[in-house]
Amino acid sequence: MVETLDLFLKIGLDKRTAENTIANNKVTLNLVTVISEANVTDGCERSTGNLLYTVATKFPANALVHRPKLLEYIVSSKIKTPAQVEAAFAFLTVTGSEDLDISKFEEACGVGVEVSVEDIRRTVDEMFEEKKSAILEQRYRTNVGDLFAHIRKKLPWADPKIVKQLIDSKLYELLGEKTAADNEKPVKKKKEKVVKVEEIKTAVEEEINPYSIFPSPEENYKVHTEVYFSDRPVLRACNSKEILEKHLKETGGKVLTRFPPEPNGYLHIGHAKAMFVDFGLAKERGGGCYLRFDDTNPEAEKKEYIDHIEEIVNWMGWKPFKITYTSDYFQELYDLAVELIRRGRAYVDHQTGDEIKEYREKKMNSPWRDRPISESLKLFNDMKNGMIEEGKATLRMKQDMQSDNFNMYDLIAYRIKFTPHPHAGDKWCVYPSYDYAHCIVDSLENITHSLCTLEFETRRASYYWLLDALSLYQPYVWEYSRLNITNTVMSKRKLNRLVTESYVDGWDDPRLMTLAGLRRRGVTSTAINSFVRDLGITRSDGSMIRLERLEYHVREELNKTASRTMVVLHPLKVVITNLEPSSVIELDAKKWPDAPNDDASSYYKVPFSNVVYIEQADFRMKDSKDYYGLAPGKTVLLRYAFPIKCTEVVLSDDKKTGVLHWVAEPSPGVDPLKVEVRLFDKLFLS
């Protein structure tokens with residue numbers, strides 16, 4: 001470990017990053033290999049080392065054959081910025097293991113393109129001159145990200161740190177120090193905003209198709225994954241010409257994906273991203289997406305969860321090509337397990353769970369690993385027929401106990417459970433594991449693209465090992481980043497604990513990030529889909545999305561569709577002294593903020609009388625410069641109504657010049673409508 005730490009420090013990693021890397025065996029192995037391939041075991045510049053680290057963590061698995069070439073370009077400083085490395089990843093992902101076209105590669109990565117500080121400064125100056133009036137109007141509310149993107153489009157290979165420094169410097173030169181007004185909430189021009197958003201959406205949709213990264217079914221003969229073994233040649237996972245032709249004939253060349261939730265709880269917003277990837281790709285390519293219930297654990301599944309999943313998928317706007325269950329294939333899965341034993345690739349094991357864990361940690365073979373094939377066939381049949389006690393035997397795949405990948409340590413394929421199955425009944429007392437069933441059912445359903453989150457990446461080796469061992473069709477596997485959101489939990493196990501231990505009011509509690517909870521809170525499916533589309537489909541692991549980003553998309557949706565009304569939670573009575581007590585004026589109020597001004601249906605009537613109620617927080621006895629509410633002698637505007645001035649205070653409790661919301665007596669002496677209001681905030685403080 002000390003030697004590895006020294007190696008990482010030599011390439012310029014700070015000590016904390018180096019130590020955190022060593023805690024991750026997979027990244028450590030990748031980085032050590034990359035340093036060796038780059039021939040910099042004696043050290044290198046920190047900037048080079050950071051790029052090597054990026055290669056070790058993000059290099060596309062389907063193009064490993066070209067990694068040494070990229071490292072050669074990095075070490076020689078032909079590729080020297082993160083933007084160039086990301087461009088290289090994109091180019092190599094498409095190239096895969098095919099021959100590398102050097103000239104096109106260099107063009108795609110900006111090799112040889114030098115962008116000087118003066119070039120950047122000139123481009124920044126030109127942009128500020130072009131956008132000067134807008135920047136002066138918006139001041140420090142100007143979207144710096146848009147400015148950065150403008151420069152990136154003009155100078156894609158410019159150093160981003162220098163770009164940021166020059167933009168910040170130019171803003172300060174133009175605007176000076178921030179003023180109090182710069183921190184005020186801007187007054188939005190609704191109609192202009194709608195046009196602006198539509199223009200941005202159109203541009204994004206024209207430029208970015210999130211599904212363009214995925215190959216067509218006809219390309220699934222290419223090697224995009226290599227499985228390394230300790231005792232045999234590398235497995236270059238790919239379909240033979242005959243297998244692929246058979247697959248294409250059965251599917252008609254269509255894209256087929258699957259959304260495979262386990263029916264052991266309610267779906268959360270992370271599943272919304274998975275639906276967007278799985279259903280969205282199939283829809284974009286004119287194919288179909290299976291809704292497949294991964295029901296291999298009879299003890300955890302409930303019909304309530306199955307019914308919820310079907311209903312919520314429909315609410316999210318997705319239409320399954322077919323609804324299937326892993327249990328539909330129990331007979332085929334059992335028959336293929338028998339074939340796996342016959343081929344010498346599986347065996348019946350009698351180790352306990354603790355013994356299996358210990359042997360895996362020590363990379364030791366099970367004492368029963370090399371038992372005769374005939375013996376395993378007989379014992380597996382006995383397992384199926386209920387002749388062996390639960391916990392006394394499992395069927396394990398004969399993989400590679402010396403592999404560097406923990407998910408190749410002879411994974412369990414079948415275990416005994418004397419539990420009736422909610423869907424398959426009491427026919428079976430042996431049930432397949434996820435690692436065994438998932439890839440086979442993908443193959444049986446002719447799935448073209450098997451897409452999952454990055455925590456399953458290390459299982460890719462086992463996935464392809466099993467399909468290769470059984471000579472089955474191999475789908476294209478690709479992993480994307482898991483959705484993590486601040487101030488909440490996304491694990492069904494943790495959500496289940498919150499529900500069952502009554503910390504929350506059921507799976508649809510509005511404070512949860514379950515889809516049922518979000519719906520109950522008033523969030524629309526279109527807002528959720530807009531949010532996950534905005535996130536894109538990437539492999540950037542470990543990122544945490546702020547809850548406010550979701551709330552932005554919710555506001556954008558509701559500002560156009562949700563009708564509003566004025567409510568005060570803590571009412572303070574205001575008497576309009578120059579309005580007759582018997583007088584009631586009907587005023588026009590907008591149903592929703594982004595409603596068109598010239599449409600009569602955009603408005604509803606509100607009564608205005610000589611008695612109105614405002615929020616207690618919108619009044620105080622002592623005024624100040626930064627206070628926008630009502631105070632003695634001060635005039636404020638009532639939304640959709642008239643300015644009022646405080647001339648007398650009857651009650652002197654210390655309860656924004658601004659626009660206040662209010663409610664009035666609908667008629668003299670009649671109290672306004674009383675309502676129950678539920679205020680929801682983040683469930684977790686941390």
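Q: In this predicted model, Ala, Val, Leu, Ile, Met, Phe, Trp, Tyr, Cys and Pro count as nonpolar, Asp, Glu, Lys and Arg as charged, and the others as polar; what makes up the lining of the second largest cavity by class?
A: The lining consists of Ala 61, Asn 62, Ala 63, Leu 64, Val 65, Ser 97, Val 223, His 224, Thr 225 and Glu 226. Set against the classes, Ala 61, Ala 63, Leu 64, Val 65 and Val 223 count as nonpolar, Asn 62, Ser 97, His 224 and Thr 225 as polar, and Glu 226 as charged, which gives 5 nonpolar, 4 polar and 1 charged residues. The space that they line is about 40 Å³.

Q: Why is the space of about 150 Å³ called a cavity?
A: A cavity is a set of points where a 1.4 Å probe fits but cannot get out, so the name says that this space is closed to the probe. The largest cavity has 14 lining residues, and those nearest its centre are Tyr 434, His 438, Phe 456, Arg 459 and Tyr 463. Helix H19 (434–444) contributes the largest share of this lining, 4 residues.

Q: What makes the space of about 1500 Å³ a pocket?
A: A pocket is an open set of points with protein on both sides within 12 Å along at least five of seven lines, and therefore the word describes a space that is partly surrounded. The second largest pocket is lined by 42 residues, and Lys 26, Leu 29, Asn 30, Glu 457 and Thr 458 are the closest to its centre. Helix H3 (25–38) gives the most to this lining, with 8 residues.

Q: How do you know that strands E6 and E7 are paired?
A: Two strands pair if at least two bridges are found between them; E6 and strand E7 (residues 394–397) are joined by 4 bridges and run antiparallel, so they meet the condition. One of the partnerships links Ala 346 with Met 397 in E7.

Q: Why are E6 and E9 said to stand at the edges of the sheet?
A: In the order E6-E7-E8-E9 of this open sheet, strand E6 (346–349) and strand E9 (430–432) each have a single partner strand, so one side of each lacks a neighbour in the sheet.

Q: How do you know which part of the chain to read with care?
A: The mean pLDDT of the chain is 89, and 94% of its residues reach 70 or more, whereas over residues 190–207 the pLDDT is below 50. Where pLDDT is low, the predicted coordinates should not be read in detail.

Definitions and conventions:
Residues are numbered from 1 along each chain as its sequence is written. This is a predicted model: local features need pLDDT of at least 70, side-chain atom pairs count only at pLDDT 80 or more; totals for chains, interfaces and linings use all residues. Side-chain values use heavy atoms; hydrogens and water are left out. On a 1 Å grid over the protein atoms alone, a cavity is a set of points where a 1.4 Å probe fits but cannot get out, and a pocket is an open set with protein on both sides within 12 Å along at least five of seven lines; lining residues have an atom within 4 Å of a point. Helices (H or I, at least four residues) and strands (E, at least two) are DSSP runs, numbered from the N terminus. pLDDT is the predictor's confidence in each residue, from 0 to 100. Contact means heavy atoms within 4.5 Å. Grid points are joined across faces, edges and corners, and a volume is the space filled by probe spheres set on the points.
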